[in-house]
Amino acid sequence: MSQLVIKDLWVSADSNMILKGVNLTISSEDTVALMGPNGSGKSTLAYTIMGHPDYKVEKGSILFDGEDILNMSVDERSRKGLFLAMQSPYEISGVTNRDFIKQASDKRIKENGKPLSIYKFAVKLDKAISDLKMDKDLADRYVNEGFSGGEKKKNEILQLKMLEPKFAILDEIDSGLDVDAVKIVSDNVNNLKKENNIGLILISHYHRLYEYIKPTHAVVLINGQLVKEGGSELIDEIDKYGFEPIKREAGIEDEVTLLEECAFKVTSK
């Protein structure tokens, strides 16, 4: 069983503190809904776990399977079994989707100590594309170039299926998807969870995703601090009443904060 342990994590960007002493432990058996208002630090936490250079860890540690990963590069973290499905996937001109995934797969998936053969990789890729109901020609187009918003999000899940990580963070993977596509993506994530027992962090503003992918528990991040946690009843409470009651309970009064302004600047680069 894999485990991600975040201890007293303080993170800044552009000299502004965004995360302020976050503590969180998640195992491969867990599916955690990471919730909070815009600018609360959810994506910052996701990118910090994966090693994004724009975010500076001022204090604390992130342990994955007992190993501190803060000094590891992004690719090292990926090879250890971490995965991030991005909120806004990048386009990579000149590199086909097939070649991109094959190169990443060769570093992660081994059979008798060697990467999958071209044939086995092709069979696996074709099945994954079929499972996601994607157009077959997307495999041989440049990564995300000319893809619709929904195709880009499905492409993130395609990479998730192909790389078989131990732990995945899905950052607003449902945004830009219609109802049918959300169901398809959710079914694929649920099947992967069942087959490989991967740990999941789900970030979404929409209750619908949590109806399809059932969290084991939820945590609420406000102003860079985890202020509340609970089960599915907490998700229902937020869907019905919003975050204002939790803010009042935590003694947070200002609706717009310097943190939110900073987060907007970072994500708008």
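Begin by selecting Leu 170 in this predicted model. Leaving aside residues up to four places away in sequence, Leu 170 touches Ala 85, Ile 157, Leu 160, Val 189, Leu 200, Ile 201, Leu 202 and Ile 203.

Next, extend the selection to the nonpolar core around Leu 170. This is the largest nonpolar core, with 46 residues, and Leu 170 is listed with Met 35, Leu 125, Ile 157, Leu 158, Leu 160 and Val 189 as having the most contacts inside it. Highlight helix α6, residues 179-196: this helix supplies 6 residues, the largest share of the core. A second core, separate from the one above, comprises 31 residues; to locate it, select Ile 26, Ala 46, Ile 49 and Met 86, which are among its members.

Return to Leu 158, one of the core residues with the most contacts, and display the two helices at this point. Leu 158 belongs to the α5 side of a contact with α3. Helix α3 spans residues 97-108 and helix α5 residues 149-163; the two pack at an angle of about 35 degrees, with axes 9 Å apart. Their crossing is right-handed. On the α3 side, select Asn 97, Phe 100, Ile 101, Ala 104, Ser 105 and Arg 108; on the α5 side, add Asn 155, Gln 159, Met 162 and Leu 163 to Leu 158. The residues of this contact comprise 6 nonpolar, 4 polar and 1 charged.

Finally, move to strands β13 (residues 217-222) and β14 (residues 225-230), an antiparallel pair joined by 5 bridges. Select Val 220 to find its bridge partner in β14, Lys 228. The two strands form a hairpin with 2 residues between them, and Asn 223 in the turn has a positive phi of about 50 degrees.

Technical notes. Residues numbered from 1 in each chain as written. Predicted model: local features only at pLDDT ≥ 70, side-chain atom pairs only at ≥ 80, totals over all residues. Heavy atoms only, no water. Axes fitted to C-alpha atoms, helices over the stretch in contact; angles between N-to-C directions. Helix = DSSP H or I, 4+ residues; strand = E, 2+ residues; numbered from the N terminus. Left-handed = near helix turned anticlockwise from the far one by under 90°. Contact = heavy atoms within 4.5 Å. Nonpolar A, V, L, I, M, F, W, Y, C, P; charged D, E, K, R; others polar. Core = buried A, V, L, I, M, F, W, Y, C linked by side-chain atoms within 4.5 Å. Buried < 20%, exposed > 50% of the residue type's maximum accessible area, 1.4 Å probe, protein only. Pairing = 2+ DSSP bridges.
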